[in-house]
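Open the model in a viewer and keep a selection prompt ready. The stops below go from the whole chain to salt bridges and then to aromatic rings.

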Amino acid sequence: MNFLRGVMGGPSAGPQPSGAETIQKLCDRVASSTLLDDRRDAVRALKSLSKKYRLEVGIQAMEHLIHVLQTDRSDSEIIGYALDTLYNVISNDLEEEEQEENLPKQVDDLGSQFTEIFIKQQENVTLLLTLVEEFDFHVRWPGVKLLTSLLKQQGPQVQQIILVSPMGVSRLMDLLADSREVIRNDGVLLLQQLTKSNAAIQKIVAFENAFERLLDIVTEEGNSDGGIVVEDCLLLLQNLLKNNNSNQNFFKEGSYIQRMKPWFEVGDDNCGWSAQKVTNLHLMLQLVRVLVSPTNPPGATSSCQKAMFHCGLLQQLCTILMATGVPADILTETINTVSEVIRGCQMNQDYFASVNAPSNPPRPAIVVLLMSMVNERQPFVLRCAVLYCFQCFLYKNQKGQGEIVSTLLPSTIDATGNSVSAGQLLCGGLFSTDSLSNWCAAVALAHALQENATLKEQLLRVQLATSIGNPPVSLLQQCTNILSQGSKVQTRVGLLMLLCTWLSNCSIAVTHFLHNPANIPFLTGQIAENLGEEEQLVQGLCALLLGISIYYNDNSLENYRKEKLKQLIEKRIGRENFIEKLGFISKHELYSRAAQKPQPSFSSPDHMMFDHEFTKLVKELEGVISKAIYKSSEEDKKEEEVKKTLEQHDNIVTHYKKVIREQDQELEELKQRINTLTSQNEQLQATVTQQVSQIQQHKDQYNLLKVQLGKDAQHHNSHSETFQMNGIQMEEASKLKEELEEWKNKHELLQGQLREKDSVIEKLKSSQLEMGTTEQSLQTSKSGGLEHNNELQKELEMLRSQIQLQSAEISKLQIENQKLQVMNTTADPVLGDSGATAANNSELEGRLEQQVKELKSEVKALSEEKESLKQHLDSSSSTVAILQDEKSKLQQEVAESKKEQDDLLVLLADQDQKLSALKIKLKDLGVPVEDEDDIESGDQGDEDEDGDEEEQD
């Protein structure tokens, strides 16, 4: 037991055994001991020695430990010790105090070698997967750590074993649902290693609902404010999405892009950004870029860009872009992210153009970004990000290109100078003293002209004021002037790229360039000289510019026709030398770097030479220019003819394209009309089917009624003889019914006439009440009418009572008629008894005859009463008409008398006024005038005398 004392720290009597001997004895004990406690103690001892004696434990004990995992599954404690020991042997994560400077390579080799030994038997990995399924913490956690270490050492081999094993990946996905955070977090690390560079496993993990679980973990941990667990989840999401189109599509279709928006909801107080928060937000931005990377298929990128706009993610990124207090690296990565979200998407580009910075006055975000790009005090990485953002804004965006170029044109420049435009900033950067600003402005302006011939022609109108007193110079002339002054290489490269982009596919710009007689000698002189390696790049770009001037030359200038320029190259440079200098561009190391991806990523400002879009132009034109240099004049003529024919064909094609578009629009309209007509047709068919079904139902009902009527007719025919024998005929009953109906109608007519007369009488009453206050003559004339009206009302009341009595009698007759019909129907089945039926028939016949006689007499009486009522009504109507005429006449007479009285009163008033005026005048003249009382007494005396005289006569 000496070795146990040595291991456990007890005193030893003899010499101390070495570590290898102790490990050998422990391994023997694990292999030979029958008691589980002894084996457990031995494995615990091996675990304690595994870090210090990693090599010995790995060589001697690995086989025994694997055997323990296979045989002692029931004891979780020994399984946990065995898994920890294997992890210490295989893992390279040693403690810092145990690491030495000369051991790193040996440590890496040990881990990979032991891993290779372990996975040589695939059953070991399968066994480990089954142990990871155990819920016991002491088994599951060390199993997860061991499997993670195996994946770190031999990733592809272990991935293949897990992929082949049944439900291998699904078992590991259960780790994310573990309630113990330690196991869940280590499970995330395990899945990171498992999904590295393996598209098949990435797809399985994604379809095992990994996105949902990981996003839930990020939300629970506080999004960007979370700890390192958020970082691990984001790294795993990047593994699942990067360069995996299937998972990207699944992520978008599952509406997981919408769940990314809360990640970027940064508060107004942006101070105090922790290092972990910066790291998390950086990874979140990178995850957005993975979904919209230019290397993805265009369709997938476009759909993700639209989804980001509709869910508000782009708007949230723009708020971070314009916020204050954001760290520089986060701001740079945000600019790069916004760049790729808007690249090639017209809707997103339009929104970005409308974003304004929170300044006074507010400025467009593009202008603010360009100000930082041409500012040499800004960090180099930030300036590169702004340039990339500007390039992405103009990529396939002719509207944005036109807006940028329009700020340079004379008609749109702000004369007040209050606001700085994007064009002014680009011109300022193009001609500044900072070479990096020159290069960035030239590349930005070249992107504004990319694949847009109309803007290339419009830019020729731009005039620049160089100095006071000198005439303005065109932008093209100013670029060539700076180029000929021999500035820095970076500046000249930028200007040459701008000129090559400007002149390509634009014959008018080539003509303007050749119109300056100093340009061609400068280019030939630059190409012909033998300069150093730094100038070779400038020589190649000069050769490219001269080749563009030849290829796109329309021979409008006699001195600079294609043939003369070729002769000039052959005499001064030589064709072979020209082609060699042209090849310097594509052979340059910086050219191949720029051609890899659109984003300008340079290690230092000195390496900033080529633009990605310009490399495409060089590839397109290099071979074409080489062929054009060796072509003869006849071939050029033929080529021009071919070009003309091609242009004609292009015009024809464009014409037909327009026609086809118009026809497509017409077809769409016709399709819409067809759809509407089909919908209407379907509705009509549905109504027709309903009507057909209703008609069929009516037909069926009609047929049933027909059958029933046929049966009734047969039954009636069979019993008609008996009815004739009894003297009862149905015709008389029908006649009686018709007469009853006629009397009912007459009764209703009489009631209507009575109502009309009542209304007339009521009107007369109201008119009489109104005229009651008039003269007595009118009252006496109307009194007779009122008495007559009272008599008419009494007669009408008498008539109403008689009509009510008649309606009661008619209803009695109807009831008796119904009873007779019931008796007839009940009499049908009993017609077989001759004696009873005969008696009943005779009684019925007698009753019917009496009722018919009574009805006839009543009808006569009613007709007579009707005639008398008509006469009374006619007489009353005539009297009413006479009274109305008399009333109107009296009203007219009263009105006329009132008018005459009014006129007389007016005349009397005038005469009184005249008399009073005359009296006043007479009194003034001294004539004695009698008063009115004297005059009245005198008048009375005269009247008395006149009366006496008349009596005497």
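Start by selecting arginine 184, which counts as buried at 7% relative accessibility. The model is a predicted one. Add glutamate 221, which at 25% relative accessibility counts as partly exposed. The two side chains meet in a salt bridge, 3.1 Å from N to O. Arginine 184 lies in helix α11 (residues 181-194) and glutamate 221 in the loop between α13 (210-220) and α14 (228-241), so this salt bridge ties together parts that are 37 residues apart in sequence.

**Whole chain**

Zoom out and colour by secondary structure: the protein has 40 helices and four strands. Of its 953 residues, 40% are buried. Among the contacts with a separation of 6 or more, 71% are between residues 24 or more positions apart. Switch on the surface, and about 53700 Å² is exposed, with carbon and sulfur atoms supplying 51% of that area.

**Further salt bridges**

The whole structure contains 26 salt bridges. Select arginine 383 and aspartate 434, whose side chains meet at 3.0 Å, N to O, in one of these bridges. Arginine 383 is in helix α22 (residues 380-394) and aspartate 434 is in the loop between α24 (422-430) and α25, with their positions 51 residues apart in the chain. Are these two partners buried or exposed? Arginine 383 has 4% relative accessibility and aspartate 434 has 15%; both count as buried because the cut-off is under 20%.

Next, select arginine 44 and glutamate 77, which form a salt bridge with an N to O distance of 3.7 Å. This pair links distant parts of the chain, from helix α3 (residues 36-50) to helix α5 (residues 76-90), 33 residues apart. Arginine 44 is partly exposed at a relative accessible area of 34%, and glutamate 77 is partly exposed at 35%. Now extend the selection to Asp37, Arg40, Asp41 and Asp75: together with Arg44 and Glu77 they are linked in a network of salt bridges.

**Aromatic rings**

Which residues form one aromatic cluster with Phe251? Select Phe207, Phe211, Phe250 and Tyr256 along with Phe251 to display the cluster. Counting rings with centres within 6.5 Å as paired, the structure has twelve aromatic pairs. For phenylalanine 251 and tyrosine 256, the ring centres are 5.5 Å apart and the planes are at 40 degrees, so the pair is tilted. Both of these residues are buried.

Move to tryptophan 439 and phenylalanine 602, where the ring centres are 6.2 Å apart and the planes are at 85 degrees, so this pair is edge-to-face. Tryptophan 439 is in helix α25 (residues 435-448), while phenylalanine 602 is in the loop between α34 (589-594) and α35 (612-630), so the pair ties together parts 163 residues apart in sequence. Tryptophan 439 and phenylalanine 602 are both buried.

**Charges over rings**

Two further selections show a charged side chain with an aromatic ring. Select lysine 145 and tyrosine 87: the charged end of the lysine sits over the tyrosine ring, 5.2 Å from the ring centre. Then select arginine 180 and phenylalanine 135, where the arginine lies over the face of the phenylalanine at 4.0 Å from the ring centre.

Conventions:
Residues are numbered from 1 along each chain as its sequence is written. This is a predicted model: local features need pLDDT of at least 70, side-chain atom pairs count only at pLDDT 80 or more; totals for chains, interfaces and linings use all residues. Side-chain values use heavy atoms; hydrogens and water are left out. Rings of Phe, Tyr and Trp (its six-membered ring) pair if their centres lie within 6.5 Å; planes under 30 degrees apart count as stacked, over 60 as edge-to-face and the rest as tilted. Buried means under 20% relative accessible area, exposed over 50%, partly exposed in between (1.4 Å probe, protein chains only). Helices (H or I, at least four residues) and strands (E, at least two) are DSSP runs, numbered from the N terminus. A charge sits over a ring if NZ of Lys or CZ of Arg is within 6 Å of the ring centre and within 35 degrees of the ring normal. Contact means heavy atoms within 4.5 Å. Accessible areas come from the Shrake-Rupley method with a 1.4 Å probe; for residues, only the protein chains shown count as cover. A salt bridge is a side-chain nitrogen of Lys or Arg within 4 Å of a carboxyl oxygen of Asp or Glu.
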